[in-house]
Every structure is written in structure tokens, then in C-alpha cells.
Amino acid sequence: MSVSRRALLRGGIAGLTLAGLGGCGDDGGSGGKKTLRFAWWGSEERAKLTQQVVDLYVSKHPDVEIKTTYAAYDPYFQKLATEMSGGNAPDVLQMGDRYLREYADRNTLLDLTPHLGSKIQTADLEQKLFPAGNLGAQTFGLPMGQTTHVLQYDAKRWEEAGAKLPADGWTWTDLKDAASKVSAKFGPKVSGLSDPFGIEDWFGDWLRQQGKDLYTADGKLGYTEAEIVAWWKLGEEFRAAKALTPPEVTANTTLTPFPRKESTAEFCPDSTVGMTSWDTYGSEFALSHFPTAGNGIGQFTQPPMMLSVAKRTENQDAALAFVDFFLNDPEAGAILGMARGLPANLKIRETLASTLTDEWKAVAAYEAKVSPQLLPAPPPPPKGAGVVKTQFQRIYDDVMHGKAKPEEAAPRLMSEIQQALGA
């Protein structure tokens, strides 16, 4: 049985005919049942697969009822903030790295540490992912999958333009030269590279290539104004070489330039590879790790989301048992497939690998190749990090449009960062 994204998006793996989707509802007085509330964010397609896992669990544990809700990312965290403040958090909830420290510091998440290896098995989970859910010696989130960053590029057009293809040890200068050649060959409607310099995530990879990071282990800012200036001046070099998408193309939020075929290369999380690009590029679509600035590729293993348990849950044992099932049960893993990137459970990942097709097969091969070079996930960023990410893009827009030089825009960003982090 092969597993492609399309097969899963059509409703899951054949052969697992499960109870109805759309939430379990009230038991209407079924009495004796333990009731859990489980909430997550994501697309409708992910929700269908997640609900199938919930239904599978309930079918095996008839003494448990699980009420489910899901939403898009922003509405999910808006609702969660209200529920947390009101002491009405879901028993089991999907958690993002930019919110974990905030909710843990507010004493709303259960420390899972005493239960690891007993009620929740962790021996088969990728260990590099764990730091993202840890604060000191405590664990507040467990990885639901694995992703890392990638450069997706149109290998055919690169070769036609005479551009040097990505290889081990290639540099940002190599990328600039290649993208410039592609722009010269196929421009002005097609550019070599989607402008990456307003995305904080890619800035973080560049920092790690120089031994730094976005944040320190204790939640402090990990870089200086001078490094923002240097990153954005590197962007100016790319722009001067005509290697980047022009501002009006970069700013178009209808997809991104690469799936629109207005760019031949673009950075992205590998869990999002192919959502729209595969259909337009097909087999000409290739994947590479990042170019380097000296100290490795700067990429890390990242859980795209984590599972947490509310500290105030009234059914702690049931919540922990469900978390263990979600992360470790082979049937659950087969249903979820690549819905949250590579499975965090390495045994499930190995079983799944032989069934993958299309872009997911390419992603799995890419992860296998790049894995030895990946850093462990960093600790959770501080409260306010989500605002910093937004401001990074907003202020870079002035640089991109030529309204401000990097030396003028960077101090503004630092001021915004200090306000967001309360520094």
C-alpha cells in the first residue's frame, strides 16, 4: 500500500473504516465514561486524519469519550488564551513552540517529566526533538512530528541557465550567483530566488551557521542589531545581482512566488513541500539543504507542533494514555502518515517510509540525507516571540521596497523587539 499526500487528503488510508468524523459529542448520560477534550489547529484534511485516530482510540477504549475541536492557527490560539484564562483548557491540546513557554510559565501545562518512560513511552521518539518542549528539567510538550527547513528549486531551469546546482558546502555566494544566472535567463517574469530576507526563520538558520541563534537557552534575544544589518545588507547584495523576486512579487500573498512559477527557488519547512508546488513542478522539483555561512548548515530538527496536557485536567491518567497512543500506536501512525511532517516515532517512520510516494517520498529522502547535519531543536522561545516574527517581516518590507536602508530599519526593529519581549 503506497501513501501519497493526495491519498491521505482524500480521507485516509483504505481499510481503516472508523466511526464518524466531526467530533464525538456528548455521551448523553452514558455514565462512567471519562471525558477528554482534545483541541488542535490545522487544515480540514489534517483534522479528518486526527479525528480518525481519536475514533480508533475510542473504539479500543470504550470507557473514554473524547470531544474534539480544531481551528486555523490564529483563531486556535485566540480561543485557547480565553480558555486558559478561564480555567477551562482542553485536557489534551496541540501546542506551538512560540506559546509553550508562556503557558508553562502561567502554570497551565502539566509537567510530563514524571510520566515519561512509564505512562508515555519515549524510547522510539526522535530525541533531537525534545528540547523544543523542555524548560529546564521539565517537559511540557512532546513532538507530534518532525520537520526541518529546505530549499526547493527547479533543477531543470537551473541547468538550462548554467547555474551551479546546490552541493555539500555550497555558500550564500554560490546561491546568489546561481539565482542571478537564472534571473538573467528567464527574467523579468521569473526570478532565481524568492526573497528570503524578511523571514525570521531563515535569519535564524543564518545565525546558527555563525554559532548564534534567535534566542538563548534562558529565553533571551540571541542576536544584535549589527547582525540584523548584516543579514539585510546580504539581501541588498542579492537584490543588486537581480537574484531575488521584485518587491511586488514577494509581497503578493496569493501563495508564494515558487508555486506561482515566478521564482525557481524558495526556502520553506519541508512539511509544506509540495502543497501546491509539486503539481506545477512535478519531477523537475528538487530539494537541497541551505547554503552555509561557515559553521554547518544551521538547520535543526523541529517539531511542527507538540502535544501538551492541561495541568487542571480532571482525567490525568486518561489524558496521558491518549497522548501515548497518539505518539506511539502503529495504527495511529499509519493513519496520520505525514500529516504533521515525518512521524516523531522512528519505528513508525521506518514502516511508513516504504509506502511513501510523490513529494513525501522526496521529503523523507531529503530528511534522511540531511539528518546527520541537523542540530537539536532549540528550547522554547520567550513570550512575545510571535510578535517579533511579525515585526521582522513588517520592518523588512521597508528595506525591500527601498524606503529604508538596513542601518535605518534595524534600530526600529530592535526597539520593537524590546517592547515585545519586555526587555
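Here is a friendly exchange about the predicted model above.

Colleague: Before we start, how are residues numbered, and which pLDDT do local features need?
Modeller: Numbering starts from 1 along each chain as its sequence is written, and side-chain values use heavy atoms, with hydrogens and water left out. In this predicted model, totals for chains, interfaces and linings use all residues, side-chain atom pairs count only at pLDDT 80 or more, and local features need pLDDT of at least 70.

Colleague: Happy with that! Which strands stand at the edges of the open sheet of three strands?
Modeller: Strands here are DSSP runs (E, at least two residues; helices are H or I, at least four), numbered from the N terminus, and two of them pair if DSSP finds at least two bridges between them. The sheet has the order S8-S7-S9 with antiparallel pairing. Each edge strand has a single partner, so one side of it is left without a neighbour in the sheet; these strands are S8 (265-269) and S9 (285-288).

Colleague: Which helix gives the most to the largest nonpolar core?
Modeller: A nonpolar core is a set of buried Ala, Val, Leu, Ile, Met, Phe, Trp, Tyr and Cys residues joined through side-chain atoms within 4.5 Å; buried means under 20% relative accessible area, exposed over 50%, and partly exposed in between (1.4 Å probe, protein chains only). The largest core has 56 residues, and Phe38, Leu109, Phe322 and Phe326 touch the most other members. With eight residues, the top contributor is helix H11 (residues 316-328).

Colleague: Are H8 and H16 parallel or oblique to each other?
Modeller: Axes are lines fitted to C-alpha atoms, for helices over the stretch in contact, with angles from 0 to 180 degrees between N-to-C directions. Angles under 35 degrees count as roughly parallel, over 145 as roughly antiparallel, 65 to 115 as roughly perpendicular and the rest as oblique. H8 (residues 225-240) and H16 (residues 406-421) pack at about 140°, their axes 9 Å apart. The two helices are therefore oblique.

Colleague: What is omega for the peptide bond from glycine 187 to proline 188?
Modeller: Most peptide bonds are trans. Proline 188 sits in the loop between helix H6 (172-186) and helix H7 (200-208). The bond from glycine 187 to proline 188 is cis, with omega near 5°.

Colleague: Last one: is lysine 242 buried or exposed?
Modeller: Lysine 242 lies in the loop between H8 and helix H9 (247-250), and its phi is near 55°, a positive value in a residue other than glycine. Because its relative accessibility is 63%, lysine 242 counts as exposed.
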